[in-house]
Amino acid sequence: MSGRPLVASLPCARQEAQPDDPIGLNLKEWPRFSFDACPGILGEFVRLATRDSEADPAAVCITALVRFGAEVYGYAPDKGPHLYVGETVHSPRLFAVICGSTSKARKGTSRHPVAKLFGREHCLPADLKVWGVPLPARESGGPLSTGEGLAHHVRDESDEERERRQRQNPAEPVREKGDKRLVIMDEEFASALACTKREGNTLSMGIRCFWDSGDYAPLTKNNPVLVRGAHISIITHITMQELAVCLGEVQAVNGFGNRFLWICARRSKLVALPSRMPDAELAPLQRELWRCVGQAQQRGVMTMTSNALELWRHVYPELSQEHTGLAGSIINRAEAQTLRLALLYALLDAQGKIEEPHLQAALVMWRYAQDSARYIFGDRATDPLEDKILEALRAGPLTATELSTVLSRHVPRDRLKPLLQQLEAQQRITITKLKNAGRPRIILALRELSEKSEISEERRNLA
């Protein structure tokens with residue numbers, strides 16, 4: 001490990017300086033996107049797409065990565081690029097939420113240049129055949145509503161269903177049987193969050209299943225839709241204001257939020273009349289992209305080079321660190337997300353192994369997603385009651401009875417007890433029992449205040 005930079009110098013572990021904040025506003029800086037997350041052909045395209053446009057480079061970059069991942073999956077069993085972590089298979093499959101600062105954040109403008117890139121008007125049919133490129137992945141504009149709805153679009157169709165589809169859509173090309181690639185370009189993530197609040201809704205479960213393994217097998221009695229080996233990729237959009245309203249029930253995000261990369265986006269500059277991307281510059285990028293897709297389709301198990309593996313071992317402790325709060329629950333899948341990103345960067349570079357530069361680019365992209373999640377969700381607790389407890393204890397230690405009074409005695413014991421124990425397990429509070437003549441007195445205190453008190457007590461004893 002000699003010569004390897006310290007973890008703090010890596011993009012996934014940059015330490016932010018704490019600014020002076022005398023009135024306790026705890027303001028966060030807008031995340032800074034680095035073009036180190038856009039190496040090679042990806043960087044050429046992002047620069048072209050944003051050169052004369054208001055589109056945010058980060059939004060264009062993640063949209064292109066998700067769209068590329070949707071294409072390069074080998075839909076036959078045990079084919080296509082993937083990597084193993086133990087016995088867990090990770091495919092080049094990403095979900096992302098682009099979160100705009102306002103409705104004018106131009107988060108949606110990232111979609112159109114990417115759609116243009118993934119067209120085929122500059123590719124000759126003979127070239128596509130030589131490259132071994134299949135039909136493009138199916139596209140859907142959403143909206144996300146239920147797990148069954150997702151499963152229906154990637155189910156195993158019977159021969160009768162395929163024939164009926166062809167009769168109803170004679171102009172649609174005939175796909176190979178078993179092609180379960182689907183890319184969802186949804187503009188209304190707020191609608192999806194609203195759906196998850198409905199009793200019995202299965203969207204949260206569906207998103208988790210299709211991100212994890214691509215298998216969906218709900219234990220329902222009537223007409224269950226069973227899916228094996230699906231490859232769904234999702235890009236969706238929401239504004240900060242919409243998300244603030246939805247967070248009234250944070251469980252809507254907490255259940256599946258860490259399957260998504262959360263990306264902050266805003267208008268990059270003012271362009272009164274954006275220009276189209278010149279065909280002369282787009283054409284070579286489009287041809288190179290589909291050539292990479294064709295090569296990637298032929299890949300199988302991907303591994304890391306020795307240099308990449310050394311870097312991975314070095315950054316793994318930082319990536320696997322447990323984070324608290326709602327933002328923590330969103331970024332606690334850092335290792336898996338980073339590996340999938342690295343896999344995609346390797347495939348975009350037309351390589352058969354993940355090399356150190358691919359992992360470095362993945363770490364930069366993950367850092368932006370991590371900073372975005374912290375900016376979006378701030379210091380909110382996973383459970384709203386958690387925020388109330390911590391706020392009450394900031395004024396000083398409380399007995400259990402006093403805390404119950406602060407909470408207006410509306411919180412039942414079965415609800416309060418496990419949450420307090422969880423906060424103690426996370427070392428965010430201390431629970432001290434003081435013996436007396438009757439029942440022991442329970443004192444609750446913030447961990448920081450408790451440690452300061454212990455230090456003060458030690459100093460008094462030394463004096």
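Trainee: What is the relative accessible area of Tyr84?
Mentor: The relative accessible area of Tyr84 is 41%, so this residue is classed as partly exposed, a label for values between buried (under 20%) and exposed (over 50%), taken with a 1.4 Å probe and protein chains only. Please keep in mind that this is a predicted model, in which local features need pLDDT of at least 70 and side-chain atom pairs count only at pLDDT 80 or more, while totals for chains, interfaces and linings use all residues. Residues are numbered from 1 along each chain as its sequence is written, and side-chain values use heavy atoms, with hydrogens and water left out.

Trainee: OK, and where does Tyr84 lie?
Mentor: Tyr84 lies in strand 1, which covers residues 83–85; strands (E, at least two residues) and helices (H or I, at least four) are DSSP runs numbered from the N terminus.

Trainee: Which residues form a nonpolar patch with Tyr84?
Mentor: Val89 and Val301 join Tyr84 in that surface patch, and together the three have about 250 Å² of accessible area, computed by the Shrake-Rupley method with a 1.4 Å probe and only the protein chains shown as cover. Members of a patch have over 30% relative accessible area and no salt bridge, with nonpolar side chains joined within 5 Å and like charges within 9 Å.

Trainee: Switching to salt bridges, how many are there in the whole structure?
Mentor: A search of the whole structure gives 17 salt bridges, each being a side-chain nitrogen of Lys or Arg within 4 Å of a carboxyl oxygen of Asp or Glu. One of them links Arg32 to Glu29, with 2.4 Å between the closest N and O atoms.

Trainee: That Arg32, buried or exposed?
Mentor: Arg32 is exposed, with a relative accessible area of 64%, and its partner Glu29 also counts as exposed, at 52%.

Trainee: What about Arg291, which residue does its side chain meet in a salt bridge?
Mentor: The side chain of Arg291 meets that of Glu288, at 2.7 Å from N to O. The two are three residues apart in helix 11 (residues 279–297), which means that about one helical turn separates them. Arg291 counts as partly exposed at 27% relative accessibility, and Glu288 is likewise partly exposed, at 27%.

Trainee: And Asp371 with Arg367, buried or exposed?
Mentor: Both Asp371 and Arg367 are buried. Their salt bridge has its closest N and O atoms 3.2 Å apart, and both residues lie in helix 15 (residues 356–377), four residues apart, or about one turn of the helix.

Trainee: Which residues do shared salt-bridge partners join into one network?
Mentor: That network holds Arg67, Glu71, Glu139, Arg175, Asp179 and Arg181, joined by salt bridges that share partners.

Trainee: New topic: where is Ser110 placed?
Mentor: Ser110 sits in the loop between strand 3 (95–100) and helix 3 (111–117), and with a relative accessible area of 1% this residue is buried. Its side chain makes a polar contact with the side chain of Thr63 at 3.4 Å; such a contact is a pair of N or O atoms within 3.5 Å, where, within protein, one must be able to donate a hydrogen and the other to accept it, and sequence-adjacent residues count only if both atoms are side-chain atoms.

Trainee: Last one: what separation do the C-alpha atoms of Leu348 and Gly69 have?
Mentor: Their C-alpha atoms are 9.5 Å apart, although the two residues are 279 residues apart along the chain. Leu348 is found in helix 14 (residues 334–348), and Leu348 is buried, with a relative accessible area of 11%.
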